[in-house]
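Q: I have a structure in front of me and would like to learn how to read it. Can we go through its features one at a time?

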Amino acid sequence: MKLADKIVNKIEYGDFQTPTFFTRRVCAKIRDFYGLSPSIIFEPTFGIGNFFSGIISTFPKPYRLIGVESNFSYYNIVQDTFAKLLTHDIQYNLYNEDIFSFNFKAIKSTISTDESLLIIGNPPWVTNSRLSSLESANIPLKSNIKGFVGLDAITGKSNFDIAECIILRLLLEFSQYNCVLAMLCKASVAKNIIRDIDKFNFSLDSVDFFSFNASEIFGVSCDAGLFVARLGADGVKICVARDFDTNKKLRDFGWLGEAFYANIDIHHGKSAFDGKCQLEWRQGVKHDCAKIMEFSSSDGMFFLNALGEERRFTLGRYIFPLVKSSDIKSYKITKNAKIRAHHSKTRQGGDCGYKRRGSRYLGIFTEP
Ligand SMILES: C[S@@+](CC[C@H](N)C(=O)[O-])C[C@H]1O[C@@H](n2cnc3c(N)ncnc32)[C@H](O)[C@@H]1O
């Protein structure tokens, strides 16, 4: 395989194996923080088996290991190692299959609902839109699993990590089992799962997210952690974010009443800001276009952008009032909240060709 193909393949399958020193630390955390001693341990994308190493050096035996991995070479490596090294107090079932089409009935029928089941691992960190751009086949069977409709189905909301799909699928499959799920993932995955929790048919007794430094462990810079969800009847909708090394609580995120908060502790005492807005808030001008597309005006006729380009516009044609979330930090929107934004479309999916047709009029948007 050529190097470029290898790199694409690695991205497509999220093939970044967790170092063994870290799988050991993750397993030790599950054992010590939750006092867990599982009798069945399931690794849904086991790779070269580094989580199995962590499990074997951490949890008291006997137990049964179950694993799924789509890469045939990895599956063979682990199968051979297990056949040579595992002692009789560890049973195992390994499957060389795609987790998206895996028939869970095959394993569920062998686990009783009161047995202590731990699902642990590190599913691929790649978004469905990245996979589409690579024309990858490694996508969930139903990519719109969250049932988004309308605008949400084609904007950022419907773009999510396939790790999120895998975690949701596992929580749904094992919703009636005595199960703890512990997965490494991006913070956005944990946030989305809690935000959308009411859409899904499972209930949680507790949720924690232990943040670690992803660049130290995986050499990638993103906000990541260990997501731990305990299935149960309590219906918890708040996740406690903690520091991985110290377990110290950093913040809570989740639902308070009707609203989802990224940081519940900050929200306390600020409930006066809550309420229903008559207008629906959408993402505004793309950050890196703001200097060009946002204008201020002192007379409502001549408009100046941050590059110092001045044009004359008619308000309501190409230029519309814009209030940014940063403008509403205080109780009142200040008198001179003066931002106006150029909009290339007047409706969702509309033509923005007038930008070309009106280039002489707009001028600034056509300069190289
Ligand atoms: C981030 S790596 C983690 C591997 C292992 N869990 C670990 O923590 O070291 C993700 C693994 O998922 C596997 N994988 C990717 N897509 C898969 C799929 N659809 N079904 C099963 N395994 C898959 C990859 O081959 C890769 O080994």
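Q: Which elements cover the buried residues of α2?
A: This is a predicted model, so read every feature as a prediction. The cover over the buried residues of α2 includes two helices named α3 (50–56) and α10 (214–218). It also includes the strands β4 (117–121), β5 (179–186), β6 and β7 (223–231).

Q: Which residues of α2 are buried?
A: They are F22, T23, V26, C27, K29 and I30. These residues sit on the same side of α2, because they cover an arc of only 150 degrees around the axis.

Q: Why can residues spread along a helix point the same way?
A: An α-helix has 3.6 residues a turn, so residues three or four places apart point the same way.

Q: Which exposed residues does the other face of α2 carry?
A: F21 and D32 are the exposed residues on the face turned away from the buried side.

Q: How far does α2 reach?
A: Helix α2 spans residues 20–34, which is 15 residues. From first C-alpha to last it reaches 21 Å, close to the 21 Å expected at 1.5 Å a residue.

Q: What follows α2?
A: G35 does, and its phi is positive, near 60 degrees.

Q: Let us try another helix. Which residues are buried in α9?
A: Helix α9 covers residues 187–195. Its buried residues are V189, A190, K191, I193 and I194. They pack against α8 (162–173) and against the strands β5, β6, β7, β8 and β9.

Q: Where does F200 lie?
A: F200 is in the loop between α9 and β6.

Q: How many C-beta atoms surround F200?
A: There are 14 others within 10 Å, which means that F200 is partly exposed.

Q: Which residues is F200 in contact with, leaving aside its neighbours within four places in sequence?
A: F200 is in contact with L168 and L172. L172 shows how sequence and space can part ways. F200 and L172 are 28 residues apart in sequence, yet 7.6 Å apart in space, C-alpha to C-alpha.

Q: How far apart in sequence are residues in contact across the chain?
A: Take contacts between residues at least 6 apart in sequence. Of these, 67% join residues at least 24 apart.

Q: Now the strands. How do side chains sit along a strand?
A: In a regular strand the side chains alternate between the two faces of the sheet. Next, look at who pairs with whom.

Q: Which way do β6 and β8 run, parallel or antiparallel?
A: Strands β6 (residues 204–213) and β8 (residues 238–243) run parallel, joined by 4 bridges. In that pairing S211 stands opposite D243.

Q: Which way do β8 and β9 run, parallel or antiparallel?
A: They run antiparallel. Strand β9 covers residues 249–256, and 5 bridges join it to β8. I238 stands opposite G254.

Q: What do β8 and β9 form?
A: They form a hairpin, with 5 residues between the strands. In its turn, N247 has a positive phi of about 70 degrees.

Q: How many residues lie between β9 and β10 in their hairpin?
A: There are 2. G257, in that turn, has a positive phi of about 60 degrees. The pairing of β9 with β10 (residues 259–261) is antiparallel, over 3 bridges. L256 has A259 as its bridge partner.

Q: How many residues of β2 are buried?
A: In β2 (residues 63–68), 5 of the 6 residues are buried, so the strand is largely enclosed by the rest of the structure. β2 runs parallel to β1 (residues 40–43), with 4 bridges between them. F42 stands opposite I66 in β2.

Q: Is T314 buried or exposed?
A: T314 is exposed, because 9 other C-beta atoms lie within 10 Å and 12 or fewer counts as exposed. T314 lies in the loop between β13 (310–312) and β14 (319–321). M301 is 13 residues from T314 in sequence and 6.6 Å away in space, C-alpha to C-alpha.

Q: Which residues are closest to the ligand?
A: They are T18, T45, G47, S70 and N122, out of 23 residues that surround the ligand. By class, that shell has 9 nonpolar, 11 polar and 3 charged residues.

Notes. Residues are numbered from 1 along each chain as its sequence is written. This is a predicted model: local features need pLDDT of at least 70, side-chain atom pairs count only at pLDDT 80 or more; totals for chains, interfaces and linings use all residues. Two strands pair if DSSP finds at least two bridges between them. The expected span of a helix is 1.5 Å times one less than its number of residues. A residue is buried if 20 or more other C-beta atoms lie within 10 Å of its own, exposed if 12 or fewer, and partly exposed in between; C-beta atoms are placed from the backbone. The arc is that of the directions from the helix axis to the C-beta atoms. Two residues are in contact if their C-beta atoms, placed from the backbone, lie within 7 Å. A residue is near a molecule or strand if its C-beta atom, placed from the backbone, lies within 6 Å of it. Ala, Val, Leu, Ile, Met, Phe, Trp, Tyr, Cys and Pro count as nonpolar, Asp, Glu, Lys and Arg as charged, and the others, Gly among them, as polar.
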